[in-house]
Amino acid sequence: MRRQIALFLFIAACLLITPARAQEGHPLKGSWIGTWGPSKVHSNDLLVIMSWDGKAVSGTINPGTDDIPLKNATLNPEGWVVHFEGEAKDKAGPINYVFDGKIDGLAFHNRSISGTWKSNRESGQFKLQRQ
Amino acid sequence: MRFIATATLTLLLLAGARIAAHHEILAKFDDKKPTTLSGVVTLVDWRNPHAHLFMNVKDPKGTGVLNWAVELESVIDLQDGGWNRDTVKAGDSITVKGIAARDGSRQVWGDSVVLTATGRRVLNVTLTPPPPPLQPRPVPRWSDKQPRLGPIPGGVQGYWGFPSSTVLMEAGTNIKMDAWGLLANIADAPKVAPMQPWALALYKNRQSRFLQDDPMYLNCKPPGGARQFQLRYGVQFVEDRERQRIFVLVGSGNSNYRIIYTDGRGHAGQVGGDDDNPLYYGRAVAKWEGDTLAVDTRGFNEDFWFTNGGLPHTEQLKLLERFTRTDFDTLKYEVTIDDPGAYTRSWSSGWTLRWVANEELPRHLCQENRP
């Protein structure tokens, strides 16, 4: 058991020191992980995958069984302003999410996007960091 | 008036002297902060990518001394200039003229180092390509008359260096940049290449940061794409005709290499099980068109800068490169850049490289996070 724990810790340490993959292409391309919520205390995890085909940004919010395809995703290089939307649905009906944010640390592989989100039910802030 | 003219000429000469360093000097040092230091050497750090002198300089605000770091050219270039690790020793008194670090730390780029005892200027580097022969020499060829790109086995050693241009811009444009691709006037950025708005903004961002984020220098990333043919330490072609492939050894690329296949294979399936993994040097296939090797490369990753100066690219990048040895000592390089992810249309450029005879490719090893 002690050996297994040691092995687990060793693998975890190796994963921690693995350098993040650089990304020198389109600034939105990649996997972004962060949180969204009404406040810093009450927030949920948020994962957004984005790609760029030369004409449009596409992607997915929270990939999985309840994933939300990105809609109307744009990057305005003037100020590196990011906008994207998503349409979800639950028992109460459709939810239309709108995210507006800004890229910080553009030059770095672990750049971030922070801003606000709103839907037809609630609103809040979000922050994502590129992985 | 004469003083101003002399000072201007001196500054131009000093600026011109910064030609060999392995990265953009202005990324770290500020040419608006000319600095002169006189003091005693405490340590000589003779290592690539840059040699350093450490020296004690009298503290102008007190009675003690302050230790300064003086950054110099690479050991490879200093040795080419005839200098060695004993040219300056600990205990020597020196005067250094240069430019100070942007961040205010006690570091200076050493444009000139003079030994106080003799008044001799030392550790200076002048890069000059080999003189062209009086008569152009014929292209060396294999027995089937195909041109040779590399050294002749059992005969003449050599590599290709001293590119006629170290910056990539669209053919027909003439934009002022320094040797590392830093624009003299950032307003010229849109003229460099037909960039999409996001790519232009990113390029301007890199320029405004004096190219300090260049992953080739920060993280030792390989110089994929056209950049490998615009670097200080050149390239060497090793032609493996039996296996129908050409290895391009990259002198500035941390001793890595690129493979160009000439056996008719396609871009997919070059490496079993690795078809979808984009690479720093992409996947290159080639064929001979007369005396020109035409290379089609695609499958690049986005983890590096494919040019000095930081022009962006995406995984959609395709390069069509044409290599023509026009005479023994000249290699003509032409490239067409096709990247609909970053550019509004395809565009071309080209330059020549000089044959550096009787020398092996310089062996430059990047050392991550070492200035």
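**Exercise 1. Decide whether Thr330(B) is buried or exposed, and list what it touches.**

Step 1. Thr330(B) has a relative accessible area of 18%. Buried means under 20% relative accessible area, exposed over 50%, and partly exposed in between, with a 1.4 Å probe and protein chains only. Thr330(B) is therefore buried.

Step 2. Thr330(B) sits in strand β14 (residues 330-338) of chain B. Helices (H or I, at least four residues) and strands (E, at least two) are DSSP runs, numbered from the N terminus.

Step 3. Contact means heavy atoms within 4.5 Å. Not counting residues up to four places away in sequence, Thr330(B) touches Trp160(B), Thr324(B), Arg325(B), Thr352(B) and Leu353(B).

A note on the source: this is a predicted model, in which local features need pLDDT of at least 70 and side-chain atom pairs count only at pLDDT 80 or more, while totals for chains, interfaces and linings use all residues. Residues are numbered from 1 along each chain as its sequence is written, chains are lettered from A and ligands numbered from 1 in the order in which they are written, and side-chain values use heavy atoms, with hydrogens and water left out.

**Exercise 2. Classify the ring pair of Trp160(B) and Trp355(B), and place both residues.**

Step 1. Rings of Phe, Tyr and Trp (its six-membered ring) pair if their centres lie within 6.5 Å; planes under 30 degrees apart count as stacked, over 60 as edge-to-face and the rest as tilted. The structure holds 22 aromatic pairs over all chains.

Step 2. The ring centres of Trp160(B) and Trp355(B) are 5.0 Å apart and the planes meet at 65°, so this pair is edge-to-face.

Step 3. The pair links distant parts of the chain: Trp160(B) belongs to strand β7 (residues 158-161) of chain B and Trp355(B) to strand β15 (residues 347-357) of chain B, 195 residues apart.

Step 4. Trp160(B) counts as buried at 0% relative accessibility, and Trp355(B) counts as buried at 3%.

Step 5. A charge sits over a ring if NZ of Lys or CZ of Arg is within 6 Å of the ring centre and within 35 degrees of the ring normal. Arg325(B) lies over the face of Trp355(B), 4.7 Å from the ring centre. Arg137(B) lies over the face of Phe328(B), at 4.2 Å from the ring centre.

**Exercise 3. Describe the surroundings of Thr87(B) and the backbone of Leu123(B).**

Step 1. Thr87(B) lies in the loop between α2 (75-80) and β4 (93-101) of chain B. With 16% relative accessibility, Thr87(B) counts as buried.

Step 2. The side chain of Thr87(B) reaches the backbone nitrogen of Asn84(B) at 2.9 Å. Leaving out residues up to four places away in sequence, Thr87(B) touches Asp92(B), Leu115(B), Val122(B) and Leu123(B).

Step 3. Leu123(B) is not a glycine, yet its phi is positive, about 60°. Most residues other than glycine have a negative phi, and most peptide bonds are trans. Leu123(B) is in the loop between β6 (121-122) and β7 of chain B and counts as buried at 8% relative accessibility.

Step 4. Lys145(B) has a phi near 80°, also a positive value in a residue other than glycine. Lys145(B) lies in the loop between β6 and β7 of chain B and counts as exposed at 59% relative accessibility.

Step 5. A cis peptide bond, with omega about 0°, joins Asn48(B) and Pro49(B). Pro49(B) lies in the loop between β1 (29-45) and β2 (52-58) of chain B.

**Exercise 4. Outline chain A, then find the contacts of His26(A).**

Step 1. Chain A has one helix and eight strands, in the order α-β-β-β-β-β-β-β-β from the N terminus on. Of its 131 residues, 38% count as buried.

Step 2. His26(A) is in the loop between α1 (2-17) and β1 (30-37) of chain A. At 2% relative accessibility, His26(A) counts as buried.

Step 3. Not counting residues up to four places away in sequence, His26(A) touches Trp52(A), Val57(A) and Leu75(A), together with Trp198(B) and Glu302(B).

Step 4. His26(A) and Asp53(A) are 27 residues apart in sequence and 9.6 Å apart in space, C-alpha to C-alpha.

Step 5. Ring pairs link Trp36(A), Phe84(A), Tyr97(A), Phe99(A), Trp117(A) and Phe126(A) into a cluster.

Conventions. A polar contact is a pair of N or O atoms within 3.5 Å; within protein, one must be able to donate a hydrogen and the other to accept it, and residues adjacent in sequence count only if both atoms are side-chain atoms.
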